[in-house]
Amino acid sequence: GNAALLAVVDDGFNRISRSEIAAIVASWTGHSLFSTISWSEIKWYGAGVAALLCLGFFWNLQLRRTVAKALREVKQRNDELRESESRFIQLFESAPVPMAFASEVDGYQGTTWNETWHQTFGYTREEAEGRSGFDIGLWRNPDDRRRFVELANKEQSVAGFEAQLCCRDGSIRICSLFGRFIGAPGRRLLMAVYLDVTEQRQAAAALRESEERFSKAFVLSPAPMVISDI
């Protein structure tokens, strides 16, 4: 019979939303909120969830196939790269002329030399492997090595660069050097080929000396002499 209290209670219920009232009723009566959802809606929701699950399954399957294919391609490229490197090393080691290569990554310090180079200059692998020609005293004039590298960087290749190189036994060989870069920028290798021209230069020097002696003998001869072209 308290009209004022009833008005307050009614006003309170009027402020509660229908969803909140449904939740309160469900908590007091034991009826789930899902009882307000029809079976047709549940079927549609179920179909949507099933579609999402199927989509996820097929997407995952496709992703696995893509990853597997990518891994196979990477493995194939790695195998091809190893095979290419193996062929390169075989050709490098079996080359009949002295050869070497060094990486620009470490400033061309760690040099690798082929077997013909070791046989030509007499340095063992323990003495020379991983060391530059400057470190082992190969260059008679150390500035020649600096000029060779600078010229290679400037021109991207070097041809006919002559330098005197020191063998392990102390003898001097005159070599004509050829250099070229291989590989990607930043990780390039500088390949060098050493052509021993010592005998040719010695023969040319002996010829010049012989010609000079002949010329002096001809000019200083006390007897009249003449040279003519037949």
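**View 1. Contacts of G133.** Beyond its neighbours within four places in sequence, G133 is in contact with W113, L138, W139 and R145; contact means heavy atoms within 4.5 Å. This is a predicted model: local features need pLDDT of at least 70, side-chain atom pairs count only at pLDDT 80 or more, and totals for chains, interfaces and linings use all residues. Residues are numbered from 1 along each chain as its sequence is written, and side-chain values use heavy atoms, with hydrogens and water left out. G133 is found in the loop between α5 (125-128) and α6. Helices (H or I, at least four residues) and strands (E, at least two) are DSSP runs, numbered from the N terminus. G133 counts as buried, at 3% relative accessibility. Buried means under 20% relative accessible area, exposed over 50%, and partly exposed in between, with a 1.4 Å probe and protein chains only. G110 lies 23 residues from G133 along the chain, and their C-alpha atoms are separated by 9.4 Å.

**View 2. W117 and its surroundings.** W117 sits in helix α4 (residues 115-121). Its relative accessibility is 0%, so W117 counts as buried. Outside the four places on either side in sequence, W117 is in contact with P98, M99, G122, Y123, A128, I136, L138 and Y194. V97 is 20 residues away along the chain; its C-alpha atom and that of W117 are 7.1 Å apart. W117 also belongs to a cluster, linked by ring pairs, with W113, F121, Y123 and Y194.

**View 3. Aromatic pairs in helices α3 and α7.** The whole structure holds 12 aromatic pairs. One of them joins F57 and F58 edge-to-face, at 5.4 Å centre to centre and 75° between the planes. Another pair, F214 with F218, is stacked: the centres are 6.3 Å apart and the planes differ by 25°. Rings of Phe, Tyr and Trp (its six-membered ring) pair if their centres lie within 6.5 Å; planes under 30 degrees apart count as stacked, over 60 as edge-to-face and the rest as tilted. F58 is found in helix α3 (residues 39-94). F58 is exposed, at a relative accessible area of 53%. From F58 to G160 is 102 residues in sequence and 64 Å in space, C-alpha to C-alpha. Both F214 and F218 lie in helix α7 (residues 198-220). Four residues separate them, about one turn of the helix. F218 is partly exposed, with a relative accessible area of 26%.

**View 4. R188 over the ring of F181.** The charged end of R188 lies 3.8 Å from the centre of the F181 ring. A charge sits over a ring if NZ of Lys or CZ of Arg is within 6 Å of the ring centre and within 35 degrees of the ring normal.

**View 5. Helix α6 and the strands it packs against.** Helix α6 covers residues 142-155, and its end C-alpha atoms are 20 Å apart. That agrees with the 20 Å expected of its 14 residues, where the expected span is 1.5 Å times one less than the number of residues. What are the buried residues of α6? They are D144, R145, F148, V149 and A152. Seen down the axis, these buried residues fall within an arc of 130°, so they line one face of the helix. The arc is that of the directions from the helix axis to the C-beta atoms. The buried residues of α6 pack against β3 (157-166), β4 (172-182) and β5 (189-196).

**View 6. Positive phi at Q156 and Y108.** Most residues other than glycine have a negative phi. Q156 follows α6 and has a positive phi, near 70°. Q156 lies in the loop between α6 and β3. Its relative accessible area of 39% makes Q156 partly exposed. Y108 also is not a glycine, yet has a positive phi of about 65°. Its place is in the loop between β1 (99-103) and β2 (112-113). Y108 is buried, with a relative accessible area of 8%.

**View 7. Cysteines without a disulfide.** The structure holds zero disulfides. C166 is in none; the nearest cysteine sulfur, in C167, is 7.9 Å away. A disulfide is a pair of cysteine sulfur atoms within 2.5 Å. C166 counts as buried, at 16% relative accessibility. Why is the sulfur of C175 not in a bond with that of C167? The sulfur in C167 is the closest cysteine sulfur, but at 7.7 Å it is too far for a bond. C175 is buried, with a relative accessible area of 1%.
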